[in-house]
Every structure is written in C-alpha cells, then in structure tokens.
Amino acid sequence: MIIEVCIDNSCEQKGAFEVVKKIQELIAANSLTQKIVLQGCCCKGKCGSGVSVTVDQTCFSVLPGEVTQFFKEQVLKKL
Ligand code: FES
C-alpha cells in the first residue's frame with residue numbers, strides 16, 4: 001500500500017507534518033513497515049479543509065486530530 005501526504009503550502013499550514021508523524025507512529029505501532037510505503041507529495045489540486053492524504057490513488061482530507069480514526073478505517077481495514 002502506498003500512502004502519500006501532501007506537504008505543499010496549503011496542506012503544510014493545516015498540519016501536514018503532524019499528519020506524517022502520526023501516520024509514521026501508527027505504521028510502526030502496527031508493525032506495518034514492510035507493507036506500507038509512506039511518502040510526501042506536492043499539491044494535488046485538492047486543497048480542502050484538511051491535509052490531502054492519498055491511499056492507493058484515493059484522496060482524503062485529514063486533519064491531525066483525525067489521523068487515528070482515518071488510519072483505522074482507510075488503512076487497517078484495507079490491508
Ligand atoms: S496544498 Fe495539498 S492538495 Fe493542495
């Protein structure tokens with residue numbers, strides 16, 4: 001699985017690096033380092049209310065406080 005977090009201006013201001021850090025922690029806590037590639041990306045033109053996070057081509061808008069729930073629903077359930 002590939003997870004891309006937009007770290008461009010608009011998303012950076014909404015907490016992109018905090019989102020990256022939380023996803024890294026969740027990947028490690030769930031022993032998924034062999035199954036998930038986490039990478040940063042530039043603006044996808046989907047600047048919304050949260051940080052743009054793409055999971056296998058599907059784009060989501062995620063705020064730092066929503067990462068744990070997002071990870072459960074959109075990552076763990078799909079592995
Ligand atoms: S800056 Fe992240 S989608 Fe535009």
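Two strands are taken as paired where DSSP finds at least two bridges between them, and the legends below use the word in that sense for a predicted model.

**View 1. The open sheet and its strand order.** In this predicted model, 4 strands form an open sheet with mixed pairing, arranged in the order E2-E1-E3-E4. Strand E2 (37–41) and strand E4 (58–62) are the edge strands, each of them pairing on one side only. Averaged over the sheet and with direction ignored, neighbouring strands are turned by 25° against each other.

**View 2. The pairing of strands E1 and E3.** Strand E1 (residues 2–6) and strand E3 (residues 51–55) run antiparallel and are joined by 3 bridges. Glu4 has Thr54 as its bridge partner in E3.

**View 3. Helices H2 and H3 against the strands.** Helix H2 (residues 16–29) packs on the sheet, where it touches E1, E2, E3 and E4, and its direction makes about 160° with that of E1. Helix H3 (residues 67–75) lies across E3 and E4, and runs at about 160° to E4.

**View 4. Ser31 in the loop between H2 and E2.** Ser31, which is placed in the loop between H2 and E2, has a positive phi of about 55° although it is not a glycine. Because a residue with 12 or fewer other C-beta atoms within 10 Å is exposed, Ser31, with 8 C-beta neighbours inside 10 Å, counts as exposed.

**View 5. Gln57 in the loop between E3 and E4.** Gln57 lies in the loop between E3 and E4 and, although it is not a glycine, has a positive phi of about 80°. Gln57 has 7 C-beta neighbours inside 10 Å and therefore counts as exposed.

Note on methods:
Residues are numbered from 1 along each chain as its sequence is written. This is a predicted model: local features need pLDDT of at least 70, side-chain atom pairs count only at pLDDT 80 or more; totals for chains, interfaces and linings use all residues. Helices (H or I, at least four residues) and strands (E, at least two) are DSSP runs, numbered from the N terminus. Axes are lines fitted to C-alpha atoms, for helices over the stretch in contact, and angles run from 0 to 180 degrees between N-to-C directions. Two residues are in contact if their C-beta atoms, placed from the backbone, lie within 7 Å. A residue is buried if 20 or more other C-beta atoms lie within 10 Å of its own, exposed if 12 or fewer, and partly exposed in between; C-beta atoms are placed from the backbone.
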